[in-house]
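Work through the two exercises below with the sequence and the model in view. Each task is followed by a solution in steps.

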Amino acid sequence: MSHAIRRVGELALDETTVTALRAVLRTTADEVVQAIIDEVPSYANALSGRMGGTIRRAVRTALGHYLDLASGNATGGDAGDAAYELGRGEVRDGRSMDALLSAYRVGARVAWRCLAAGAVPAGLPAAEVAKFAELTFAYIDELSAVSAAGHADELAARGRAHERHLEQLARDLLAGASPDVLRASAQQARWQPPESLTAVLLPAAQARPAYRMLNPNTLVLDDLPDATGVLLVPDADRSHLLRQLTERTAVVGPARPWIRASASYARAVRARSLSSDIRDTEDHLPELMLSADADAFADLRARALAPLQTLPVATARRLEETLRAWLLHQGRRDEMAAELFVHPQTVRYRMSQLRELFPELASPHRVLELTLAVGLRDS
């Protein structure tokens, strides 16, 4: 890409003036660099040693190209390209464009003073001196504009690269990559790992708006299958997070160590598959536990309640309700009767039936199986 400097070509200096100006290029470059060091704090240490020599040569090159342009002997492309790369380099060195623009302003002032001191004794007419001044500052303005473009392009490129690295880190976390892979991915993304991550599942269209309300270290993906988005929120205050998501269609998984964020994500996905009404997975742990292996739960329920299968449907249902109340109230007959809306004598009669059907009804193993079997009967 060529970044030509054109406007200076409007001025044509005679050979005598150009020769006089070239004679002061080295001292002009040295004075420009020294003034920048003295007046722009960001460059106080950056222009010393080898870097200082490099910058001095760059300043001399820029001034030389300016004189080539002013004498009609160059296009200015090299100077423009150098200015563009200078802007990009400032980003890599961690300096803002404000610092570079300040350096340009200082450099323009000092360069004009030195060049004018060489042009006037060379016999440049007064009218041309004024034009010379205008075009000198125009040249510096063009250089600074090209540097600003380079600075902006480098920031944009780095921003896109950083965002891609963060997205890759989020994908690695959801995929349950190994700790070594995750640490390397986090380092590449310049992301400081927290103690924990909490996965939040929500519609893709809501992911970015919700992300902007949360910890800036939150990771976000909004291009998962089924128009799903996910947020991985670091070290979340759970109650506060739930309040922040009140207006969102979100499912919040548990907090997990950051390298185990996939477990939080998996639970949120499973909760969403159970019901669209679940928001906080911590409020639905029994359902989530028993739904982790649906076939195993079905087998357990069929085996534990097999004695009821020989009875009429209505009778089996009444006894199952009684069994559930017995387990819930630990055999307290009056509380069971109140829940079932029947007389305590009815409870006694049904319990006698159940003890015949389940000879080991009170054994700990049988109690555990029956509790799991009837606990989520309506889920």
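Two strands count as paired if DSSP finds at least two bridges between them. The model used here is predicted.

**Exercise 1. The sheet**

Task: Determine how many bridges join strand S1 to S4, then give the strand order of the sheet and find what packs on it.

Solution:
1. Strand S1 (residues 196-203) and S4 run antiparallel and are joined by five bridges. At Val-200, the bridge partner in S4 is Val-252.
2. The open sheet has four strands in the order S2-S3-S1-S4, with antiparallel pairing. Strand S2 (219-224) and strand S4 (251-257) pair on one side only, which makes them the edge strands.
3. On average, neighbouring strands of this sheet are turned by 20 degrees against each other, direction ignored.
4. Helix H8 (residues 204-211) packs on the sheet and touches S1, S2 and strand S3 (228-234). The direction of H8 makes about 135 degrees with that of S1.
5. Helix H10 (residues 261-274) also packs on the sheet, touching S1, S2, S3 and S4. The direction of H10 makes about 160 degrees with that of S4.

**Exercise 2. A helix pair**

Task: Classify the packing of helix H1 against helix H5 by angle, and describe the residues of the contact.

Solution:
1. Helix H1 (residues 15-22) and helix H5 (residues 97-119) pack at about 130 degrees, with their axes 8 Å apart.
2. Angles over 145 degrees count as roughly antiparallel and 65 to 115 as roughly perpendicular. H1 is therefore oblique to H5.
3. The crossing of H1 and H5 is right-handed.
4. H1 contributes Thr-17, Ala-20 and Leu-21 to the contact, and H5 contributes Leu-115, Gly-118 and Ala-119. Of these residues, four are nonpolar, two are polar and none is charged.

Notes: Residues are numbered from 1 along each chain as its sequence is written. This is a predicted model: local features need pLDDT of at least 70, side-chain atom pairs count only at pLDDT 80 or more; totals for chains, interfaces and linings use all residues. Side-chain values use heavy atoms; hydrogens and water are left out. Helices (H or I, at least four residues) and strands (E, at least two) are DSSP runs, numbered from the N terminus. Axes are lines fitted to C-alpha atoms, for helices over the stretch in contact, and angles run from 0 to 180 degrees between N-to-C directions. Contact means heavy atoms within 4.5 Å. Angles under 35 degrees count as roughly parallel, over 145 as roughly antiparallel, 65 to 115 as roughly perpendicular and the rest as oblique. A crossing is left-handed if the near helix is turned anticlockwise from the far one by less than a right angle, and right-handed if clockwise. Ala, Val, Leu, Ile, Met, Phe, Trp, Tyr, Cys and Pro count as nonpolar, Asp, Glu, Lys and Arg as charged, and the others, Gly among them, as polar.
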